[in-house]
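Visitor: I should like to take a close look at a single part of this protein and see how that part relates to its surroundings. Please treat the matter in one connected account.

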Amino acid sequence: MGLSQTFTFAGMCSSVRWALRFIIVTNVFVNPLEISEDATFKLPSTVIPVSQANNLGYLYSLSFSSTFPEDLEVNEYCTELLHIYGQRYVTLANCLVSNARPVKVCQNCYSGFNSLQEIYQNISSDKPGTGNVSCHDSLIRSDRLMLLFSLFSKLEEIWTLAECSHCLIEHQEALSNDTVHFMVTLNQSLSCFTQYQQRNYSELCKDCKASYRRLNELYGRMEKNKTLCIDIEDAMNMTRRLWSKNFGCSFPLEETIPVIAVSSFMLFLPIIFYLSSFLHSEQKKRKLIHPNRAKSSSNFMNIQDKFS
C-alpha cells in the first residue's frame, strides 16, 4: 500500500470512528460510550428498536437534568401541597364518574369538591403559609400552561353547570332542607311504583296518583324558587318517564278540565278585548257627531235670518 493510500485509509477510519458515535442503526439509538477506543462498534446486551420501546416500557430518549439550582426548585411545603392536590383531584374525579348515571354528583360529591377547593385556595393564595412560603408563583404561574389552574377550572365549571349550590346549604357543607324533603317525597313515589309494578298498571296509576301529584307540586315550587340542581332535575325526569311511558299513567280527564277552561278563556280574552274596544269607540263617535251637526245647522239658519 502506498503512502498516500495509507493516509487516506487512516482518515476514513477516523471519520468512521466519529460517525459511529452518533449513528442510529436500524432505528436504534446507540450510546457513544458503547463504542470502544479502537472504533469497534459494540451493541448492548439487549437492543430494543425505538418503534418497540414504548410498547415494552423502556425510555430511549434524552432527558433533562433531574435537579436545578436550589433557588429554582419547589420547596418542600409546596411539594406537599401539590401531592395533596393530586390526591383530592383524583378523589373528586372518581366521585363524579361514579355518580354520572343516575346523576347524584351534588349529593354525593360535595365534600370532595370542598376539599379540592380548599387545597387549591391554599396553593393559589398570595398569603404565605407554613414557613412563610407562598406557592402561588411556583405552582400556579411558573409556566404558561398553568396546569393546576386549568384542571381546577374544568371541575369548577362542571360543578357550576350542575348548579349544586342550589341543593346545598351555605358553604356547601350539607344538603338543604328542600333537597332532603324532595328526596323523601321521591322515595315515597318510587316505593309505590315498586309495590305495584308487578301487578296491573291500572292499579298503580290509581293508588300512586296522590304521591306522584305531591312530587310534581313540590318540584314546581322548587323550580319557582330556583332551588333545583342537576340531581333533582334528573330524578324528576326519570320519574315522569316511568309514570307516563313505562306505566302509561296520566291524570284523569276531570282534573284537566279546569286547565282547559282557563286556557280557552285566556285564548279568547284578546278577541273579547278588541271587540269591546271597537264597539265602545263606535258608540263614542256617534255621541260626538250628532251635537256638532245640530249646532252647525242652527248657526247656518241664524246667518240666513240676518241677511234676509
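In which helix is Thr-239 found? Please begin there and continue to the helices and disulfides around that part.

Guide: Thr-239 is found in helix 10. The model under discussion is a predicted one, and its confidence should be stated before any detail. The average pLDDT of the protein is 76, and 62% of the residues score at least 70. Two stretches fall under 50: residues 1-51, for which the model has 31 contacts beyond four places in sequence, and residues 56-60, for which there are 6 such contacts. Where pLDDT is low, the predicted coordinates should not be read in detail.

With that reservation, the surroundings of Thr-239 can be described. Thr-239 has a relative accessibility of 2% and therefore counts as buried, the limit being under 20%. A polar atom of the Thr-239 side chain lies 2.7 Å from the backbone oxygen of Ala-235. Leaving aside residues up to four places away in sequence, Thr-239 touches Leu-186, Leu-190, Phe-193, Tyr-212 and Leu-215.

The helix that holds Thr-239 also takes part in a second environment. Helix 10 (230-246) is among the elements that cover the buried residues of helix 4, and these elements also include helix 3 (76-98), helix 5 (136-140) and helix 6 (147-161). Helix 4 spans residues 105-124 and bends by about 40° at Ser-111. Its buried residues are Val-105, Cys-106, Cys-109, Tyr-110, Gly-112, Phe-113, Asn-114, Leu-116, Ile-119, Tyr-120 and Ile-123. On the spacing of residues along such an element, a general point applies: an α-helix has 3.6 residues a turn, so residues three or four places apart point the same way.

One of the buried residues of helix 4, Cys-106, leads to the disulfides. Cys-106 and Cys-164 form a disulfide with their sulfur atoms 2.0 Å apart. This pair links distant parts of the chain, since Cys-106 lies in helix 4 and Cys-164 in the loop between helix 6 and helix 7 (177-196), 58 residues apart. Both cysteines, Cys-106 and Cys-164, are buried. The torsion about their S-S bond is about -70°, so the disulfide is left-handed.

Helix 3, which is also among the elements covering helix 4, contributes a cysteine to another bond. Cys-78 is joined to Cys-135 by a disulfide with an S to S distance of 2.0 Å. Cys-78 is in helix 3, whereas Cys-135 is in the loop between helix 4 and helix 5, 57 residues apart, so that distant parts of the chain are linked. Cys-78 is buried with a relative accessible area of 0%, and Cys-135 counts as buried at 1%. The S-S torsion of Cys-78 and Cys-135 is about -95°, and the disulfide is therefore left-handed.

A further disulfide joins Cys-192 to Cys-208, with an S to S distance of 1.9 Å. Cys-192 is in helix 7 and Cys-208 in the loop between helix 8 (201-207) and helix 9 (209-225), 16 residues apart. The torsion of about -90° about the S-S bond of Cys-192 and Cys-208 makes this disulfide left-handed. Cys-192 is buried at 11% relative accessible area, and Cys-208 is buried at 0%.

These three bonds belong to a wider set. A search of the whole structure finds 6 disulfides. With bonded cysteines counted along the chain, the disulfides follow the pattern 1-5, 2-4, 3-6, 7-11, 8-10, 9-12.

Conventions:
Residues numbered from 1 in each chain as written. Predicted model: local features only at pLDDT ≥ 70, side-chain atom pairs only at ≥ 80, totals over all residues. Heavy atoms only, no water. pLDDT = per-residue confidence, 0-100. Contact = heavy atoms within 4.5 Å. Bend = angle between axes of the 7 residues up to and from the residue. Helix = DSSP H or I, 4+ residues; strand = E, 2+ residues; numbered from the N terminus. Buried < 20%, exposed > 50% of the residue type's maximum accessible area, 1.4 Å probe, protein only. Polar contact = N/O pair within 3.5 Å; in protein donor to acceptor, adjacent residues only side chain to side chain. Disulfide = S-S within 2.5 Å.
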